[in-house]
Amino acid sequence: MFLDRITFVVGAGASTECGPGAFPVGTGLRSQIEVGYDFSGAIEWGRLDTGDKGLFSKLWLRYQNQTESLRKCLAAARLIKDHLYMFPSIDAFIDQYSEQDDCVEEMGKAAIVVNIARAERQSILAPSSESSSYSFDIRRMKASWLEPFARILMDNVKDPHEVGKEVSIICFNYDRCIEFYLIEALRRRYRIEYPEARQIVGKMTIIHPYGTLGPLPDREGFHDVQHPNFGPDVDDRFDPWHLIPNIKTYTERMEEGDALRRIRNAVAGCRHLVFLGFGFTTENMKLLSTVEVSPKPDIKQLMLTTGIGLSTQVVSAVQGKVAGLFANPNGNSWPKSTVVEVGMGCAALLNSYYLKLQR
């Protein structure tokens, strides 16, 4: 039994519903980076009195013999600390200043990498540090939206290799909790081993517009620089500079034609479009826009969005933003048929619409 072409668009609000140890995204990540780059304390022989000591030690190890490069990076860190609060996210800050100072992009992305790695390690999905297995107790996530999400993908599908067919996931978060959860859910549901489950998830259409730490390892215990395990230890062996190329800004993504086409085709070609914890910012809506997609987008049977924190007064505005994704060059707009479930979170929405989505 196959699903009827669903595209899920996942935003910051979905990560905050993952329970204790929620991932830092949006303003949460911004605040952590601001505090982390408070290198105003006395710096002596690679030691620091304030700020993110772990990140500073890695910066020091990288540039301790390159005085000018270290000076530029510290200046960029100070710029981030002093002015980041005026921007909605670290991504927006990097886009604003990276052309003026390439160290801003380097230091901004290094901070993203370190904070996301720590967030994965501190999340309730993280495997025990005492175990060599990447398995975790999936029952801990029963109250999260990931449980009904996995059921929508897997119920009535007997062959695990058919899971995820006709489904696209566009996740605007850096974390890899969706992939890691689905691997574990496949292992439990179909009694298969990690490598097979990882291969299945790897073939699914899961797009991170702003990147991640990198693909999960193909086998348990065989992580490397290019394939960091979920929740890597930010220790002496962890080098964020190796992972910086995996992090993308809005401008970088807009300039990458193939990646942008994949995102827009996923929105245009689906029959059901579901927004989970999405913020509808102007930049992200531009990434999703199907204005330049040809042929014209398929007719949508169902368009849904969660509405935690939304009031009834903004429902029409959200519907208008979604309709604008399908405007064509002649100025015609998609009918405003989006259902905005005011006050409803990701888990509640997926449970409520399970039968309509799991066709």
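The points below describe a predicted model, taking the sheet, one helix, the cores and the cysteines in turn.

1. The sheet. Six strands form an open sheet in the order S3-S2-S1-S4-S5-S6, and the pairing is parallel. Strand S3 (205-207) and strand S6 (339-342) are the edge strands, each pairing on one side only. From one strand to the next the twist averages 15 degrees.

2. Strand S5 and its partners. S5 covers residues 302-307 and runs parallel to S6, to which four bridges join it. In this pairing Leu-304 has Val-339 of S6 as its bridge partner. S4 also pairs with S5 in the parallel sense, again over four bridges. Here Val-274 stands opposite Leu-304. Leu-304 therefore has a place in both pairings, with Val-339 and with Val-274. As general background, the strands of a sheet pair through backbone hydrogen bonds, either parallel or antiparallel.

3. Burial of S5. Six of the six residues of S5 are buried. Leu-302, Leu-304 and Thr-306 lie on one side, while Met-303, Thr-305 and Gly-307 lie on the other, so both faces of the strand are covered.

4. A helix on the sheet. Helix H11 (residues 257-268) packs on the sheet and touches strand S1 (6-10), strand S2 (167-171), S3 and strand S4 (272-276). The direction of H11 makes about 125 degrees with that of S2.

5. Helix H8. This helix spans residues 177-190, 14 residues in number, and reaches 20 Å from its first C-alpha to its last, close to the 20 Å expected at 1.5 Å a residue. Twelve of the 14 residues are buried, so H8 is largely enclosed by the rest of the structure. The buried residues include Glu-179, Glu-184 and Arg-187 as well as Phe-180, Leu-182 and Tyr-190. Among the elements covering them are S1, helix H7 (146-154), S2, helix H9 (194-203) and S3. Just after H8, Arg-191 takes a positive phi of about 55 degrees.

6. Glu-147. This residue is in helix H7. Its relative accessibility is 19%, and it therefore counts as buried, the cut-off being under 20%. Neighbours within four places in sequence aside, Glu-147 is in contact with Met-141, Lys-142 and Tyr-181. Tyr-181 is one of the buried residues of H8.

7. The nonpolar cores. The largest nonpolar core has 61 residues, of which Ile-33, Tyr-37, Ile-90, Met-107, Ile-112, Phe-275 and Leu-288 touch the most other members. Helix H6 (residues 102-122) gives the most to this core, with ten residues. Ile-33 touches Ile-80, Leu-84, Ile-90, Ala-111, Ile-112 and Asn-115, not counting residues up to four places away in sequence. Apart from this core lies another, of 53 residues, and its members include Ile-152, Leu-182, Tyr-190 and Tyr-353.

8. Cysteines. A search of the whole structure finds zero disulfides. For Cys-171, the closest cysteine sulfur is in Cys-177, at 6.4 Å, which is too far for a bond. Cys-171 is buried, with a relative accessible area of 2%. Cys-346 is buried too, at 0%. Cys-177 is listed among the buried residues of H8.

Note on methods. Residues numbered from 1 in each chain as written. Predicted model: local features only at pLDDT ≥ 70, side-chain atom pairs only at ≥ 80, totals over all residues. Heavy atoms only, no water. Core = buried A, V, L, I, M, F, W, Y, C linked by side-chain atoms within 4.5 Å. Buried < 20%, exposed > 50% of the residue type's maximum accessible area, 1.4 Å probe, protein only. Helix = DSSP H or I, 4+ residues; strand = E, 2+ residues; numbered from the N terminus. Contact = heavy atoms within 4.5 Å. Pairing = 2+ DSSP bridges. Axes fitted to C-alpha atoms, helices over the stretch in contact; angles between N-to-C directions. Expected span 1.5 Å × (residues − 1). Disulfide = S-S within 2.5 Å.
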